[in-house]
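The following exercises are intended for a reader who is new to this structure. Each task is followed by a solution in steps.

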Amino acid sequence: MRGAKSAKWVAGAAVIALAATACGGGDGDGDKKNASGQPAGYVSIDVGEPQKPLMPADTNESNGSYVIQSLFTQLLDFDDKGEIVLTNAESVETKDSKVWTVKLKAGWKFHNGEAVTAQSYIDAWNWYANVKNAQQNAFWFSDIKGYADVHPEKGDPKSDKMSGLKAVDDTTFTIELTDKVPYFNYKLGYATFAPLPKVFYDDPKAFGQKPIGNGPYTFEKWTHKKLIQVKAWPEYQGPNKAANKGIQFKNYSTVEAAYSDVISGNLDMIRQVGPRDLPKYKTDLGDGAIDQPYAAIQTLTPAFYSKTFKDIDPKVLQGLSMAIDRDTITKTVLNGTRIPATSFTPPQVKGNQTLDSDILKYNPSKAKELIKDGGGVPENKISIQYNADGGHKEWVTAVCESIRNATGVECVGDAKPDFPTDLEARDNDEVKGFYRGGWVADYPVNVNFLKELYHSKAESNNGRFNDKEIDELMAKGDKADSLEASVAAYQEVEKKLVDKMPAIPLWYYAINGGHGKNVDNVKVDFHGDLELTGVTTK
């Protein structure tokens, strides 16, 4: 979900056709609005500019993810405890973890009236996976037989179809995997597996600006770097039908500005209160304050291509990890709203374990020793890249001070103005040292925090960690005989990561946000997302 969320890390003739087919009755401008320009019955939330156009398989950060989830619905989803809830699927079954049969609920439609069929999924997945289409999440389809034909490591694809996808009838299709994957049905809960209508293929670029989905809301408008607006779709048949008339996703330059608007009544919901306002937000918001842990982790991730960390000895990273006083930083700077990490995975996912290692415990003398034994930090200086619009400056400064005081290694923050800029630097291999890695569960299994981040071919492996032994251990876990065996195998992968140090776990997230007096029924899902479909207006 999703930089925290992520899965997710946390922006002609076809255009005319898209405008004509998008449902929703206009952009809502004719409706009565409040003082901030919000149509009556709509709810608003602070969600910044998506990094990419609004396509399900090209979105793996939190801003875009919120919007994608409002517009599209995939086969299944998860409840607040991380258990599977069928949405567009009637059933997803397998006898051997290799061939999966999907039956769709009949009568589902896209917002332009087109039926959602088995072929809607097959065509979309083939397009997402095709190397020529350069989708960020193409790797998610790599389990499917024939993926190598559409997404070869080098050269042009041999086919535009994965042989593992076959339609049985309009509402039934089969998915054959190259090898058995016991947790594959959990992966289907990620929004990147959403279907697409036929009009998408006429002009994908235009579609990304005015998408047509099959979700609880229809697209209305996107004023870049300011606002995205969607409208409730009355024909939606899923379990998460909208209880409000629509949503405004509003862009703010800082979390402090968003918080001020919640207090003044110009914004209904804020996802995360910044460090400045954490000490007082429960008093300010009263019953509207939210304090709830969720399946996400904050890390420092080295860019292994950078001058600082190229060919670095893992002992150095172990030492830097032991130089961070997580207990003090989470209690003071973060006002007790975070829990120091004891592993690479959060407690809410299957397979979470407390690692039997001292690398996550503060020990200045041992930290110095490990850094020295590992050959030291080049130029004795590190940097931590983060997005300035996310309320991270205070804790980054505190982490740097902790490292500096414990080891003498100089540490500085490297602020990017906003999340999309931060993500682009990661994607383009421009990180100078560490980057702030925040990862939210796409599905509630430890695999999601290990394979999607540290496999050599994983798209979200922005640090470019590459270890043959880890890849082989992951392949073994993927071929296990049951979900339980696969989870156990990935626990062994995680134990081995202590020796490899692809990242430094810091702490587990909680959502410390809330809502104003104009809305009610604001709940949190296991991803840490506010469940916008259930929010009501007063």
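Axes are lines fitted to C-alpha atoms, for helices over the stretch in contact, and the angles between N-to-C directions run from 0 to 180 degrees. The model examined here is a predicted one.

**Exercise 1. Determine how helices α15 and α16 are oriented to each other, and which residues make the contact.**

Step 1. Helix α15 covers residues 468-478 and helix α16 covers residues 483-500. Their axes are 8 Å apart, and the packing angle is about 170°.

Step 2. Angles over 145 degrees count as roughly antiparallel. Helices α15 and α16 are therefore roughly antiparallel to each other.

Step 3. On the side of α15, the contact involves Glu469, Ile470, Leu473, Met474, Gly477 and Asp478. On the side of α16, Ser486, Ala489, Tyr490, Val493, Lys496, Leu497 and Lys500 take part.

**Exercise 2. Describe the surroundings of strand β11.**

Step 1. Strand β11 comprises residues 246-250, and 5 of its 5 residues are buried, so the strand is largely enclosed by the rest of the structure.

Step 2. Both faces are covered: one carries Gly246, Gln248 and Lys250, the other Ile247 and Phe249, all of them buried.

Step 3. Strand β2 (residues 42-46) pairs with β11 in the parallel sense over 5 bridges. Within β11, Gln248 stands opposite Ser44.

Step 4. Strand β10 (residues 227-232) runs antiparallel to β11, and 5 bridges join the two. Here Ile228 has Phe249 of β11 as its bridge partner.

**Exercise 3. Identify the strands at the edges of the open sheet β5-β6-β8-β7, and state what lies across this sheet.**

Step 1. The sheet has 4 strands in the order β5-β6-β8-β7, with antiparallel pairing.

Step 2. Strands β5 (89-94) and β7 (165-169) each have a single partner strand, so one side of each is left without a neighbour in the sheet; these two stand at the edges.

Step 3. Direction ignored, neighbouring strands of the sheet are turned by 20° against each other on average.

Step 4. Strand β7 is joined to β8 (residues 172-176) by 4 bridges. Ala167 has Phe173 of β8 as its bridge partner.

Step 5. Helix α3 lies across β6 (99-104), β7 and β8, and runs at about 170° to β7.

**Exercise 4. Characterise the largest nonpolar core.**

Step 1. This core holds 140 residues, and those touching the most other members are Trp125, Phe141, Phe173, Ile175, Phe249, Leu320 and Leu530.

Step 2. Helix α3 (residues 118-129) contributes the largest share, 8 residues.

Step 3. Apart from this core lies another, of 10 residues, among them Tyr252, Leu267, Tyr281 and Leu285.

Step 4. Beyond its neighbours within four places in sequence, Leu530 is in contact with residues including Ile45, Tyr66, Met269 and Ile511.

**Exercise 5. Classify the aromatic pairs Phe309 with Phe434 and Trp395 with Trp507.**

Step 1. The structure holds 26 aromatic pairs. In the pair of Phe309 and Phe434, the ring centres are 4.6 Å apart and the planes stand at 55°, so the pair is tilted.

Step 2. Phe309 lies in the loop between β13 (289-302) and α9 (314-322), and Phe434 in strand β17 (residues 434-440), so the pair ties together parts 125 residues apart in sequence. Phe309 is buried, at 0% relative accessibility, and Phe434 is buried with a relative accessible area of 0%.

Step 3. Trp395 and Trp507 form an edge-to-face pair, with 5.2 Å centre to centre and 85° between the planes. Trp395 belongs to helix α12 (residues 393-407) and Trp507 to strand β18 (residues 504-515), 112 residues apart. Both Trp395 and Trp507 are buried.

Note on methods. Residues numbered from 1 in each chain as written. Predicted model: local features only at pLDDT ≥ 70, side-chain atom pairs only at ≥ 80, totals over all residues. Heavy atoms only, no water. Core = buried A, V, L, I, M, F, W, Y, C linked by side-chain atoms within 4.5 Å. Buried < 20%, exposed > 50% of the residue type's maximum accessible area, 1.4 Å probe, protein only. Contact = heavy atoms within 4.5 Å. Pairing = 2+ DSSP bridges. Phe/Tyr/Trp six-rings, centres within 6.5 Å; stacked < 30°, edge-to-face > 60°. Parallel < 35°, antiparallel > 145°, perpendicular 65-115°, else oblique.
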